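Please look at the structure below with its sequence, and then follow the questions and answers.

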Amino acid sequence: MSQLHRGKIILITGAASGMGLEESAVLASQGAEVWMTDIAQDKLIESHQKLVESLPENSGDIHLEVLDVASASSWQALAEKIKATSGRLDGLVNNAGRTLRASLVDTSDEDWLSVMNINLNSVFYGMKYCYSLLAQADNAAIVNVSSTAGLMAHSGPAYGTSKWGVRGLSQSAALEFGEEGIRVNSIHPGLVSSPLLNSGSTEFVEESLKAIPLNRIAEPSEVAEVVSFLLSSQSSYITGTEIVIDGGLNSGGTYKQIVDRINA
Ligand SMILES: NC(=O)c1ccc[n+]([C@@H]2O[C@H](COP(=O)([O-])OP(=O)(O)OC[C@H]3O[C@@H](n4cnc5c(N)ncnc54)[C@H](O)[C@@H]3O)[C@@H](O)[C@H]2O)c1
């Protein structure tokens with residue numbers, strides 16, 4: 001396994017499950033010291049136990065911390081702890097999120113605010129409270145996890161709006177943090193195999209496949225490898241941009257369906 005991130009200190013949110021867990025595995029196995037954080041403490045401990053059994057011997061150390069990304073005070077406490085323990089951060093992955101497949105009129109006020117808090121305000125807090133730690137590093141990088149729902153209309157307006165917000169916030173932060181050499185990019189996965197995706201109806205996933213030119217959903221590792229690249233020196237001149245990881249859904253999904261129907 002390459003030691004691409006040896007010596008780096010990287011914080012990942014929502015690391016107990018799905019993509020955050022896979023990103024922790026890839027980055028630790030590439031030598032990074034990883035702060036795995038999640039709101040779900042038991043799940044975090046259980047996932048970590050399974051993870052360490054599968055990691056190569058020369059992997060980086062892992063810290064486990066409970067973090068509620070929707071809480072400013074939770075972020076402040078964690079930033080203080082990292083300052084006292086590691087002194088800096090080389091990478092931040094704002095990955096934690098929740099989904100909501102509800103129409104605009106069926107979205108309760110509470111759900112709207114919850115989605116904004118967990119998916120969007122979290123990214124603001126993360127970048128704001130980790131900024132001084134990131135500024136201590138040479139060439140730090142932030143990856144904010146948006147979605148294809150942040151690039152096009154989505155049938156769940158709360159989810160879509162939060163992910164469009166992540167995209168805009170990432171670009172504003174890239175503008176502001178560039179002077180400190182901190183790069184900021186957003187990633188836009190399409191359908192990725194994870195508990196979040198599988199929490200909805202299987203019909204949604206099956207129908208969506210008809211609009212994916214690669215004709216399959218992604219594995220979490222296919223997203224984790226892109227996160228690793230964006231945190232590495234291999235992407236040293238990439239900031240303020242969006243990487244779409246969707247098997248072609250956003251660029252060619254509509255035409256795939258039209259062509260498939262004509263050919264049927
Ligand atoms: N799975 C997909 O198809 C897909 C596609 C595009 C974007 N995304 C985005 O990718 C990210 C990861 O999704 P996933 O599919 O791995 O989901 P997942 O449900 O497997 O993992 C999400 C993790 O976030 C944690 N979390 C939820 N609320 C939190 C909070 N307040 N504070 C801290 N942690 C919290 C959960 O405990 C969980 O461990 C999310 O931002 C999601 O919106 C997912």
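Q: Which residue is the bridge partner of I142 in strand 6?
A: The model is a predicted one, in which local features need pLDDT of at least 70 and side-chain atom pairs count only at pLDDT 80 or more, while totals for chains, interfaces and linings use all residues. Residues are numbered from 1 along each chain as its sequence is written, and side-chain values use heavy atoms, with hydrogens and water left out. Strand 5 (residues 141-145) pairs with strand 6 in the parallel sense over five bridges, where strands are DSSP runs of E with at least two residues, numbered from the N terminus, and pairing requires at least two DSSP bridges. Within strand 6, the bridge partner of I142 is V184.

Q: Is strand 6 largely enclosed or not, and why?
A: On one side R183, N185, I187 and P189 are buried, and on the other V184, S186 and H188 are buried, where buried means under 20% relative accessible area (1.4 Å probe, protein chains only). Because seven of the seven residues of strand 6 (residues 183-189) are buried, the strand is largely enclosed by the rest of the structure.

Q: Which helix gives the most residues to the largest nonpolar core?
A: A nonpolar core is a set of buried Ala, Val, Leu, Ile, Met, Phe, Trp, Tyr and Cys residues joined through side-chain atoms within 4.5 Å; the largest one has 29 residues, and I142 is among those with the most contacts inside it. Strand 1 (9-12), helix 3 (72-85), helix 4 (109-135) and helix 5 (157-177) each give two or more residues to this core, helices being DSSP runs of H or I with at least four residues. The element that gives the most, with eight residues, is helix 4.

Q: How much of the ligand does the protein bury?
A: An oxygen atom of the ligand is 2.6 Å from an N or O atom in the side chain of S17, and an oxygen atom of the ligand is likewise 2.6 Å from an N or O atom in the side chain of Y159. Taken alone, the ligand exposes 830 Å² (Shrake-Rupley method, 1.4 Å probe), and the share of that area buried by the protein is 92%.

Q: With which side chain does the side chain of K256 make a polar contact?
A: K256 lies in helix 9 (residues 249-263) and is buried, with a relative accessible area of 17%. Its side chain makes a polar contact (a pair of N or O atoms within 3.5 Å, one able to donate a hydrogen and the other to accept it) at 2.7 Å, and the partner is the side chain of D260.

Conventions:
Buried means under 20% relative accessible area, exposed over 50%, partly exposed in between (1.4 Å probe, protein chains only).
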